[in-house]
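Colleague: I am new to this structure and should be grateful for a close look at a single part of it. Please choose one element and explain how it is placed among its surroundings.

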Amino acid sequence: MQIDPNGSRQLLELQLSNVNNQTSGSQSDAGSTVDFANVMDGLLGTGANSTSNTDSTATVSKRSSDGLLWLQLGSTYNPDINTAGSSSVSSNIVESLLSSSNTGIVNSGASVPTDYESLIAEASAKYGVPESLIKAVIDTESNFNPNVVSSAGAKGLMQLMDGTAAGLGVSNSFDPAQNIDAGTKYLSLQLQRFGGEVKMALAAYNAGPGRVSRLGVSSDSELMSVLNRLPSETQNYISKVEKAQSKYVI
């Protein structure tokens with residue numbers, strides 16, 4: 001499946017010009033998102049002319065409540081690029097961003113073992129996210145329970161919502177291999193989007209990147225100065241992950 005790059009870029013730029021004016025739950029915003037989604041469906045070949053009603057419903061479910069999945073993933077995510085071919089590029093970018101950030105969090109190559117060691121190590125190497133950070137997110141999100149489902153419907157180890165999971169190619173969120181890979185990829189995309197600022201990436205992972213972007217901050221220190229503008233859950237989430245990460249660093 002191939003999207004015309006010029007067409008998709010123009011459409012994304014059009015949507016991005018309005019994304020800051022969107023608010024969750026707004027009927028008018030929902031309508032504009034659906035209209036844009038229909039155009040994207042045409043580009044993807046998943047519109048009414050090429051799918052049944054059931055298939056169409058499945059396609060719509062790939063979009064999260066914070067807007068189109070591709071907008072959530074950030075401007076550095078390009079669905080035209082083959083995932084396998086871009087993995088090493090993504091890894092290099094994230095490693096570079098983390099090593100140059102002022103957070104002091106780097107991949108030391110050593111981490112306390114868990115029951116999912118091989119899967120976490122593979123995802124870490126693939127996307128350039130420190131193993132200790134992946135483990136901290138899993139610890140905070142699901143306490144390493146691959147079958148847990150949150151009240152909001154998030155599933156598995158890193159608590160993927162159905163729309164995000166589907167957009168990242170996950171067919172079974174309760175499969176640890178798929179879940180950890182997709183969750184780490186999503187986290188790496190947030191690190192890319194926010195310049196390696198770990199607190200901002202964690203806030204985006206929990207509350208949605210659109211909400212973090214609307215704060216108008218560009219660093220972790222700036223984020224902390226306006227942290228009260230984020231939900232209390234997100235405020236606590238950042239500190240919980242950082243505390244959990246200290247348990248996994250050797």
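Modeller: A helix is here a DSSP run of H or I with at least four residues, and helices are numbered from the N terminus. In that numbering, Thr234 belongs to helix H13, and this residue will lead back to the part I have chosen, helix H10. Please bear in mind that the model is a predicted one.

The whole chain sets the scene. It contains 13 helices and zero strands. Of its 250 residues, 46% are buried. Among contacts with a separation of 6 or more, 56% join residues 24 or more positions apart. The accessible surface amounts to about 12,100 Å², and carbon and sulfur atoms make up 49% of that area.

Helix H10 spans residues 198-207 and is mostly covered, with eight of its 10 residues buried. The buried ones are Val198, Met200, Ala201, Leu202, Ala203, Ala204, Tyr205 and Ala207. Directly after the helix comes Gly208, which has a positive phi, near 105 degrees.

The next matter is what surrounds these residues. The largest nonpolar core of the model comprises 42 residues, and those with the most contacts inside it are Val137, Ile138, Leu187, Leu202, Tyr205 and Leu223. At least two residues of this core come from each of helix H6 (117-127), helix H7 (131-142), helix H9 (176-193), H10 and helix H13 (232-248). H10 gives the largest share, seven residues.

Tyr205 deserves particular attention. Setting aside residues up to four places away in sequence, Tyr205 touches Val137, Glu141, Met158, Leu160, Gly183, Tyr186, Leu187, Gln190 and Tyr237. One of these, Tyr186, is also a partner in ring pairing, as will be seen below.

By the rule applied here there are two aromatic pairs. One is formed by Phe144 and Tyr248; their ring centres lie 6.1 Å apart, the planes meet at 55 degrees, and the pair is tilted. Phe144 sits in the loop between H7 and helix H8 (162-167), whereas Tyr248 sits in helix H13, so this pair ties together parts that are 104 residues apart in sequence. Phe144 has a relative accessible area of 18% and therefore counts as buried, the limit being under 20%. Tyr248 is likewise buried, at 9%.

The pair that involves H10 is that of Tyr186 and Tyr205. Their ring centres are 5.6 Å apart and their planes stand at 65 degrees, so the pair is edge-to-face. Tyr186 lies in helix H9 and Tyr205 in helix H10, 19 residues apart, and the pair thus links distant parts of the chain. Both tyrosines are buried.

We may now return to Thr234. With a relative accessibility of 1%, Thr234 is buried, because the limit is under 20%. When neighbours within four places in sequence are left aside, Thr234 is in contact with Ala203, Asn206 and Ala207. Ala203 and Ala207 are among the buried residues of H10. With Asn206, the side chain of Thr234 makes a polar contact of 2.6 Å.

In short, H10 is mostly covered, and it supplies the largest share of the core. Tyr205 pairs edge-to-face with Tyr186, while the side chain of Asn206 is joined to that of Thr234 by a polar contact.

Key: Residues numbered from 1 in each chain as written. Predicted model: local features only at pLDDT ≥ 70, side-chain atom pairs only at ≥ 80, totals over all residues. Heavy atoms only, no water. Buried < 20%, exposed > 50% of the residue type's maximum accessible area, 1.4 Å probe, protein only. Contact = heavy atoms within 4.5 Å. Areas by Shrake-Rupley, 256 points an atom, 1.4 Å probe, with all protein chains shown as cover. Core = buried A, V, L, I, M, F, W, Y, C linked by side-chain atoms within 4.5 Å. Phe/Tyr/Trp six-rings, centres within 6.5 Å; stacked < 30°, edge-to-face > 60°. Polar contact = N/O pair within 3.5 Å; in protein donor to acceptor, adjacent residues only side chain to side chain.
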